[in-house]
Amino acid sequence: MKLSELFASKKLSLSFEVFPPKTDTAFESVKTATEEIAKLRPSFMSVTYGAGGGTSQYTLEIAKNIKSRYGVPTLAHLTCVSSTKETVLAKIDEMKKAGIENVMALRGDLTPELEASDRSGWCYRHATQLIHDIKASGADFCIGGACYPEIHPESVDQREDIKYLKEKVDAGCSFLTTQMFFDNNLLYNFLYKIREAGILVPIIPGIMPITNANQVERAMKLSGSFMPQRFKSLVDKFGTNPDAMKQAGIAYATDQIIDLFANGITNVHVYSMNKPDVAEKIQQNLSDILG
Ligand code: FAD
């Protein structure tokens, strides 16, 4: 199923994100965790793509497995930074042959090693170039892209970020998934600005349930997200008690999702991080709302 069809249905739904193993030995445990999440029958599952290749073959394997065994639509991520055209075109071909229908087209993070390397020969500098290549390959994917309610860390300002986002959508994105955020007002503000700029595709908010205190620093560093005082108090109070922190983090994410649904969002994407218990709890909390 193409995700554009799902979003057009306007039915309230939750989707979950999983990531492939970083080592070959971890494959079986990751596969089991992703299957447990698939059994919850989310509207779709996205499978991230390890930056810089590595175990990236597992993205496709996990996406195929979820779709064929559980009938859950999948969204396979693909990054392009520092890749050659040949590698990217071969990957697109592989996805096509594997029956993948939805692709999240990303640039990928610039790791410190990549930042320090000679970038003069790079074929891809931005996700838009990848989207052009996917389109030119003739593959009939439903293509998604990333967007940043609190602006991408490399952007000078939001005006510039939205200008390039419009180019990305015009290149062929059917929807955009957001970076995590912890204050819904930032998303509502962003939506207003991008709609004004003529970006009209469905926006899928990405919600990260913070279930342990160690995750906080990492998540903030990665995303640059603003941490509201209400969230800080929760971490201060419960951060040293793992069970309490998990319960509070799930409740905070649930609350964010309910507010998003109440304000017109129809699909929320949960960064479930290979944690079936967290995904299940959030889904249970919303059972009557999701119907
Ligand atoms: P781009 O859209 O290329 O934007 C990157 C920066 O370049 C922005 O500042 C943008 O404004 C600017 N820009 C865009 N076009 C131009 C232009 N023509 N000229 C000048 N500047 C321009 N990373 C992974 O490695 N694997 C994953 O699976 C993965 N999944 C993700 C899923 C989501 C929903 C999100 C939000 C992020 C994900 N990431 C993933 C992280 C992502 O790769 C990084 O955030 C990366 O730094 C930017 O990727 P992008 O596709 O948004 O880049």
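Hi everyone, let's start at the surface: the chain exposes about 13700 Å², and carbon and sulfur atoms supply 52% of that area. Please keep in mind throughout that this is a predicted model.

Staying with whole-chain numbers for a moment, buried residues account for 52% of the 291 residues. On the charge side, we have 32 positive and 34 negative charges, and their mean positions sit 2 Å apart.

Now the fold itself. The chain has 13 helices and nine strands. Its radius of gyration is 18 Å, close to the 19 Å that the globule rule gives for 291 residues, so the chain is as compact as a globular protein of that length. If you like to think in boxes, the C-alpha atoms fill one of roughly 50 × 45 × 40 Å along the principal axes. And for those of you who enjoy contact maps: take the contacts between residues at least 6 apart in sequence, and 81% of them join residues at least 24 apart.

On to the rings. How many aromatic pairs does a search of the whole structure find? The search finds five. Let me show you F231 and Y252, an edge-to-face pair with 4.9 Å centre to centre and 70° between the planes. F231 belongs to helix 10, residues 229–238, while Y252 belongs to helix 11, residues 242–262, so this pair ties together parts that are 21 residues apart in sequence. Are these two residues buried or exposed? Both F231 and Y252 are buried. Elsewhere, ring pairs join F7, F44 and F175 into a cluster.

F44 takes us nicely to V72, because F44 is among the residues that V72 touches, and V72 is buried, with a relative accessible area of 2%. You will find V72 in the loop between helix 3 (57–70) and strand 3 (74–79). Leaving aside residues up to four places away in sequence, V72 touches A38, R41, P42, F44, M45, I66 and K67. Look at R41 in that list: V72 and R41 are 31 residues apart in sequence, yet 6.4 Å apart in space, C-alpha to C-alpha.

One last stop, T128, which is placed in helix 6, residues 127–136. T128 has a relative accessible area of 15%, and with the buried cut-off at under 20%, T128 counts as buried. Which residues does T128 touch, again not counting those up to four places away in sequence? They are Y164, E167, K168 and A171.

That's my tour; thanks for listening!

Definitions and conventions. Residues are numbered from 1 along each chain as its sequence is written. This is a predicted model: local features need pLDDT of at least 70, side-chain atom pairs count only at pLDDT 80 or more; totals for chains, interfaces and linings use all residues. Side-chain values use heavy atoms; hydrogens and water are left out. Helices (H or I, at least four residues) and strands (E, at least two) are DSSP runs, numbered from the N terminus. The radius of gyration is taken over C-alpha atoms; the globule rule is 2.2 Å times the number of residues to the power 0.38. Buried means under 20% relative accessible area, exposed over 50%, partly exposed in between (1.4 Å probe, protein chains only). Contact means heavy atoms within 4.5 Å. Accessible areas come from the Shrake-Rupley method with a 1.4 Å probe; for residues, only the protein chains shown count as cover. Lys and Arg count as positive and Asp and Glu as negative; His and the chain ends are not counted. The place of a charge is taken as NZ of Lys, CZ of Arg, CG of Asp or CD of Glu. Rings of Phe, Tyr and Trp (its six-membered ring) pair if their centres lie within 6.5 Å; planes under 30 degrees apart count as stacked, over 60 as edge-to-face and the rest as tilted.
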